[in-house]
Amino acid sequence: MKLVVFGLTVSSSWGNGHATLWRGLIRALARRGWRVVFFERDVPYYAGARDLHALEQGELVLYPAWAQVRDLAARHLADADAAMVTSFCPDGIEATDLVLQAPRPLHVFYDLDTPVTLERLDQRQPLSYVGPRGLADFDIVLSYTGGGALDALRDRLGARVVVPLYGHVDPDVHRPAAPRSEFAGDLSYIGTYAPDRQAALEALLVDPARQRPDLRFVIAGAQYPDSFPWSGNIFFLRHLAPPDHPGFYASSRLTLNITRRAMAEMGWCPSGRLFEAAACGVPVLSDAWPGFEEFFTPGREILLARGTDDALAALDLPEAELRRIGAAAHERVLDEHTSAHRAAEFEALLASARPASPIAMEA
């Protein structure tokens with residue numbers, strides 16, 4: 001089976017979560033007999049922080065401009081079983097036109113940023129990855145966010161069949177690891193700077209750091225401004241490659257998950273970081289949003305915080321309680337939220353969207 005993807009990036013994990021998710025899903029699909037060809041525009045900001053140069057289980061096509069790769073893309077589509085355009089694909093509209101002209105593959109759109117897409121529609125901002133006909137011509141639309149996001153994609157962008165395909169983790173990459181002294185802390189956080197996460201980050205990490213100068217806090221991520229409210233006990237790593245994530249998580253008593261505001265307000269939006277930390281067996285403190293309990297049980301597998309007092313209370317929990325929560329989350333993620341689970345779901349969704357499809361379900 002062959003899947004052709006026109007996406008944001010799989011080659012660089014700098015400043016985005018798409019790459020890590022795609023790497024896990026591609027590996028899992030390969031184990032099920034799929035070959036994935038991923039088209040990615042070669043832009044300077046990802047080229048300068050590229051941490052993957054080839055897909056062992058498929059083909060990575062880096063291109064400088066759409067006109068230079070269009071004919072190659074058309075040849076790949078000619079024998080593809082499924083063709084996908086994703087949110088924030090720099091050439092999403094052009095790729096959509098080409099995909100919809102291809103008669104053989106199932107036509108798929110995957111919005112990994114649904115609340116952001118809908119927020120931009122509200123603000124009448126242009127979408128570089130959705131054309132004037134919206135999503136009406138795709139056979140199936142996948143959304144990284146569930147709940148009301150699914151109805152909104154139908155009502156506002158004309159999606160005919162829309163279903164969630166949530167985040168996931170590759171447990172071969174993210175698994176329990178030994179702590180590393182250079183990452184040591186009481187509370188850690190991995191995340192690209194985003195203005196709409198700043199209020200939550202200040203409430204759940206910056207303010208606790210000010211109130212507990214005896215504790216050590218660690219942030220890893222890109223694009224943090226000079227104006228960020230650092231304190232002497234907050235330590236910073238500008239970029240953390242995926243292979244370093246397990247050691248980073250393992251080096252703190254507790255790790256923090258924060259969801260972008262638009263996604264948190266819509267709910268049903270578990271981040272890849274949430275699953276990564278759980279797969280490493282590390283207790284997670286997260287902001288709260290509707291639908292959270294469908295993925296983890298609050299208080300047993302995850303700690304939820306609605307403000308600074310909750311974060312401070314979590315930091316004061318006994319070590320044994322934190323270990324118990326981390327172990328329960330680890331068990332849950334391996335049972336339900338791995339890349340292998342999502343690959344099987346993806347395959348089943350494609351088969352249901354085209355009943356006569358030759359896609360074979362594996363037992």
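## Exercises on two parallel sheets and a helix pair

Strands β12 (residues 284–287) and β13 are paired in the parallel sense over three bridges; strands pair here if DSSP finds at least two bridges between them. Helices (H or I, at least four residues) and strands (E, at least two) are DSSP runs, numbered from the N terminus. The model is a predicted one, where local features need pLDDT of at least 70, side-chain atom pairs count only at pLDDT 80 or more, and totals for chains, interfaces and linings use all residues. Residues are numbered from 1 along each chain as its sequence is written, and side-chain values use heavy atoms, with hydrogens and water left out.

**Exercise 1.** Find the bridge partner of S286 in β13, then place both strands in their sheet.

*Solution.* Start with the partner: S286 bridges to L304. Next, read the strand order of this open sheet of six strands, β10-β9-β8-β11-β12-β13, with parallel pairing. Now look at the edges: β10 (234–237) and β13 (303–305) each have a single partner strand, so one side of each is left without a neighbour in the sheet. Finally, take the twist: neighbouring strands are turned by 25° against each other on average, direction ignored.

**Exercise 2.** Work out the order and the edge strands of the open sheet of seven strands.

*Solution.* The order is β3-β2-β1-β4-β5-β6-β7, again with parallel pairing. The edges are β3 (58–63) and β7 (162–164), each of which pairs on one side only. From one strand to the next, the twist averages 20°. At the β3 end, β2 (residues 35–41) and β3 pair in the parallel sense over six bridges, and E40 has L62 of β3 as its bridge partner.

**Exercise 3.** Describe how helices α3 and α4 pack.

*Solution.* First the geometry: α3 (residues 66–78) and α4 (residues 92–101) pack at an angle of about 25°, their axes 10 Å apart. Axes are lines fitted to C-alpha atoms, for helices over the stretch in contact, and angles run from 0 to 180 degrees between N-to-C directions. The two helices are therefore roughly parallel to each other (angles under 35 degrees count as such). Then list the contact (heavy atoms within 4.5 Å): α3 supplies W66, R70, A73, A74 and L77, while α4 supplies E94, A95, L98, V99 and Q101. As a last step, see where else α4 sits: this helix lies across β1 (2–6), β4 (82–86) and β5 (106–111), running at about 160° to β4.

Definitions and conventions. Angles under 35 degrees count as roughly parallel, over 145 as roughly antiparallel, 65 to 115 as roughly perpendicular and the rest as oblique.
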